[in-house]
Amino acid sequence: MKGILFNIQKFSLHDGAGIRTTLFFKGCNLRCRWCANPESQSFRKEIMEAKNRCVGCMVCRDECPAGAIRPDGEGYPRIDRTACQKCFHCTEICYAGSKYIVGREPSVDDLFREIEKDRVFFTKSGGGVTFSGGEPLAQRESAVCLLKEAKERGIGTAVETCGYAEERAVLETAEYTDLFLWEVKDTDPSRHRDYTG
């Protein structure tokens, strides 16, 4: 699998029937103003900052090879995104977890080892695994690979999509999907472009 995910959410109750494990794919071609997962928009790994976790040690600032971390008005070390070289060094040295990477590329085996832990919940509740995002259809090959694997293992599948994808992606994923949760952003074409980019 070549796909990139940004989160695996256990015990999801709103992403299809029953209790589900939701896989959040990283990357979306839309830029919705109300996006609930803005960290999912980029197709690349990113550095996120959690101000509430920072202990103010400034090690990240001192160790940044690009000098891209500077104190903000409150003394919190913030990344200057225009200077950052995306070496991810700050995420490796931040012991408080204030700087962390969003986006990972798990193997199919590793991913299903995690999903299988929830099988008892799927069985008892009629749940399964849901592919969300970002936009899972934007990573067609990975989505199809994982959907096939889930089907082979007898795990129910759902795909949450805005439908902004190639027809091929929709048709191939439909072959292995029990439920599509199709999000309509706006029925007016002009407003749709305004709100989603």
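**Notes on the cores and aromatic pairs**

1. A good place to start is phenylalanine 6, which counts as buried because its relative accessibility is 13% (buried means under 20% relative accessible area, exposed over 50%, partly exposed in between, with a 1.4 Å probe and protein chains only). Please keep in mind that this is a predicted model: local features need pLDDT of at least 70, side-chain atom pairs count only at pLDDT 80 or more, and totals for chains, interfaces and linings use all residues. Residues are numbered from 1 along each chain as its sequence is written, and side-chain values use heavy atoms, with hydrogens and water left out.

2. There are five aromatic pairs in the structure (rings of Phe, Tyr and Trp, the latter by its six-membered ring, pair if their centres lie within 6.5 Å; planes under 30 degrees apart count as stacked, over 60 as edge-to-face and the rest as tilted). One of them joins phenylalanine 6 and phenylalanine 24, with centres 5.5 Å apart and planes at 50°, so the pair is tilted. Phenylalanine 6 belongs to strand E1 and phenylalanine 24 to strand E2, 18 residues apart (strands, E, at least two residues, and helices, H or I, at least four, are DSSP runs numbered from the N terminus). Phenylalanine 24 is buried too, at 8% relative accessibility.

3. Phenylalanine 11 and phenylalanine 121 make an edge-to-face pair, because their planes stand at 85°, with centres 5.8 Å apart. This pair links strand E1 to helix H4 (residues 119-125), 110 residues apart. Phenylalanine 11 is partly exposed at 46% relative accessibility, and phenylalanine 121 is partly exposed at 35%.
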